[in-house]
Protein chains: 2
Amino acid sequence: MTFTAAIESAAVIDAAAGRCAGCSTRESCLGGLKAAGVCGFSDSSGRSVERGQHLFRAGEAIHCVFVLRSGAIKTYVTAASGDEQILGFYSPGDVIGYDSISAGKHSRNAVALVPAEVCRIPLESLVQSCAQSADLLNRLLAGMGQEIQRLQGMLKMERLTAEQRIALFLLNQARRQGRTEGSAGGYVLQLAMTRGEIGRFLDLATETVSRTLTRLKEAGLIQIDRSGIRLLNPTALHRIVQSQPVNSVERIAA
Amino acid sequence: MTFTAAIESAAVIDAAAGRCAGCSTRESCLGGLKAAGVCGFSDSSGRSVERGQHLFRAGEAIHCVFVLRSGAIKTYVTAASGDEQILGFYSPGDVIGYDSISAGKHSRNAVALVPAEVCRIPLESLVQSCAQSADLLNRLLAGMGQEIQRLQGMLKMERLTAEQRIALFLLNQARRQGRTEGSAGGYVLQLAMTRGEIGRFLDLATETVSRTLTRLKEAGLIQIDRSGIRLLNPTALHRIVQSQPVNSVERIAA
DNA sequence: CGAAATTTTGAAATTGATCAACGCCGGTGG
DNA sequence: CCACCGGCGTTGATCAATTTCAAAATTTCG
């Protein structure tokens, strides 16, 4: 109950129609964009989540689907052995909770990596609205289909070598972060998660993550500055992902 | 085009209303069961697929979702390196194609492991029917949610040891095959796939699958007879799955 | 029956995990 | 202001699980 109380105490952002106005993700919002510039949900509400605070936990009853407006959130499950497995890192615009629609309760935990804001969309009204709006239904089905394909992609990732997984992870993060271009060319990405979290996402030991990043750095493919990573040679990273396991940095670096 | 032709030439089962009558999966069919004992889809049609024949291939346009009525089907993708990754084995009653709804085209291949029969549900009418039947919409969303959770389960599976993965696989197969009880107690399951296919599903080398099955057999937990496997001690298999990696057959076998 | 595919078994090689130690950085409190 | 502390990251050495390579045994199917 302690965590439930913590969740309830989270700040609730004004639910007025003006809420959508400043939303950076409204163009691609699940609710669609109505004429007035607000989303199609009349009863959605916002919420801010502090770093380290849970958005929901496995086992809790489900009432909403969440759209991440800002910040970063991870979802994870805890194995019987006690160690956590990260199922996804979410960036602004992502929808969290598709898996739990019609499931009754959450199957995993969600926690903010940095201060975040989400939009809560009540499940009941979401489903009911689908009966009226074919457009919404299509967006919902598409969103769920994409979630399935994202998981299939993770499954593929798990068959790659450590180096390939890290390279693919960096490329994916860069793509999701909207390709913030750095001054000296190449993409710069800001990692909201620790090495350990990357490892628990990719199924690699922290040490392996660190070693592999170092190797990529020494090969001149990336530049590391605390939690900021600059992709100096995305093409080479791509080649690493595509290459046969026998190849590696030494063979790929142009 | 060759494969498209092959698909079109597949036998089309009579689309009369009587089709549902003999369907072993109609109780749990996506379409629901109407008063007349037939499913809610007026325009679905059946199709039989021979062993080794493809139901669909990655890249093809999507027209239908399939409900497997009998037989066994696997879905897979082919990596750049050429080797296949199996994404799922389907048993009668399973729905195939959720991932592709609203995606436009298939993201993976589906092929019959043994002669199979499927029911084709046109995508367009499925989505349109959801607007009229809240019941159908709920079943569809639940099905897609379950598919997401199935993939999350696969993700968890990939973090287990070879022995745990095999044990879990056997238990899952037994559950899905409806717990056909054997004469001498314990569950008997008929594997429609080869050792190599099990390996490409669990991400294990064929040799590892074979070795692990042998070890389970020698520990007295299972009995192997060609492609038939009898689970002599499901409880012990469960314990293997739950146990810490340090434990293994020797420690678990009661 | 015989050829091809699958399965099994053995031995060696390899990848990534684990164990261990150290450095770095930020915060905290004297 | 500085010393201490804890978390995080890096690096090195060793270890274990699984893959790979190789070959024989078995099964399947034409």
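This report describes a predicted model of protein chains A and B with DNA strands C and D.

## Overall features of chain A

Chain A contains eight helices and 10 strands. Of its 254 residues, 50% are buried. When contacts in chain A are limited to residues at least 6 apart in sequence, 70% of them join residues at least 24 apart.

## Val118 in chain A

Val118(A) belongs to strand β7 of chain A, which covers residues 109-122. Its relative accessibility is 0%, and Val118(A) therefore counts as buried. Leaving aside residues up to four places away in sequence, Val118(A) touches Ser45(A), Gly46(A), Arg47(A), Leu55(A), Phe66(A), Val67(A), Leu68(A), Arg69(A) and Ile73(A).

A separation in sequence and space can also be given for this residue. Val118(A) and Ile96(A) are 22 residues apart in sequence, and their C-alpha atoms are 9.5 Å apart.

## Glu147 in chain B

Glu147(B) lies in helix α3 of chain B, residues 134-157. With a relative accessibility of 8%, Glu147(B) is classed as buried. Apart from residues up to four places away in sequence, the contacts of Glu147(B) are with Ile148(A), Tyr90(B), Tyr98(B) and Arg108(B).

## Cysteines and the absence of disulfides

Over all chains, the number of disulfides is zero. A disulfide requires two cysteine sulfur atoms within 2.5 Å. For Cys64(B), the closest cysteine sulfur is that of Cys119(B), and because the two sulfurs are 9.7 Å apart, they are too far from each other for a bond.

Cys64(B) is buried, at a relative accessible area of 13%. Cys119(B) is buried as well, with a relative accessibility of 8%.

## A three-stranded sheet in chain B

In chain B, three strands make up an open sheet whose order is β7-β9-β8, with antiparallel pairing. Strands β7 (187-190) and β8 (222-225) of chain B form the edges, each pairing on one side only. On average, and with direction ignored, neighbouring strands of this sheet are turned by 20° against each other.

Strand β8(B) is joined by four bridges to β9 of chain B, residues 228-231, and the two run antiparallel. Within this region, Ile224(B) stands opposite Ile229(B) of β9(B). Helix α4 of chain B, spanning residues 162-176, lies across β7, β8 and β9 of chain B. The helix runs at about 95° to β9(B).

## Surface near DNA strand C

DNA strand C is surrounded by 16 residues, of which the closest are Ala162(A), Thr208(A), Arg211(A), Ser210(B) and Arg211(B). Sugar or phosphate accounts for 59% of the atoms of DNA strand C that are within 4 Å of the protein, and bases account for the rest. Helix α6 of chain A, along with α5 (195-202) and α6 of chain B, each provide at least two residues of the surface near this strand. The most, four residues, comes from α6(B).

Phosphate oxygens of DNA strand C have polar partners in both protein chains. A backbone N or O atom of Ala205(A) is 3.1 Å from one phosphate oxygen, and an N or O atom in the side chain of Ser210(B) is 2.7 Å from a phosphate oxygen. At the bases, a polar side-chain atom of Arg211(B) lies 3.0 Å from a base nitrogen of DNA strand C.

## Surface near DNA strand D

Around DNA strand D there are 16 residues, and those that come nearest are Ser210(A), Arg211(A), Ala162(B), Thr208(B) and Arg226(B). Of the atoms of DNA strand D that come within 4 Å of the protein, 58% belong to sugar and phosphate. The elements that each supply at least two residues of the nearby surface are α5 (195-202) and α6 (206-218) of chain A and α6 (206-218) of chain B. Helix α6(A) contributes the largest share, four residues.

Individual contacts involve both backbone and side-chain atoms of the protein. Arg195(A) places a polar side-chain atom 3.0 Å from a phosphate oxygen of DNA strand D. For Ala205(B), a backbone N or O atom lies 3.2 Å from a phosphate oxygen of this strand. In the side chain of Arg211(A), an N or O atom is 2.9 Å from a base nitrogen of DNA strand D.

Definitions and conventions. Residues are numbered from 1 along each chain as its sequence is written. Chains are lettered from A and ligands numbered from 1 in the order in which they are written. This is a predicted model: local features need pLDDT of at least 70, side-chain atom pairs count only at pLDDT 80 or more; totals for chains, interfaces and linings use all residues. Side-chain values use heavy atoms; hydrogens and water are left out. Buried means under 20% relative accessible area, exposed over 50%, partly exposed in between (1.4 Å probe, protein chains only). Two strands pair if DSSP finds at least two bridges between them. Axes are lines fitted to C-alpha atoms, for helices over the stretch in contact, and angles run from 0 to 180 degrees between N-to-C directions. Contact means heavy atoms within 4.5 Å. A residue is near a molecule or strand if one of its heavy atoms lies within 4 Å of it. A polar contact is a pair of N or O atoms within 3.5 Å; within protein, one must be able to donate a hydrogen and the other to accept it, and residues adjacent in sequence count only if both atoms are side-chain atoms.
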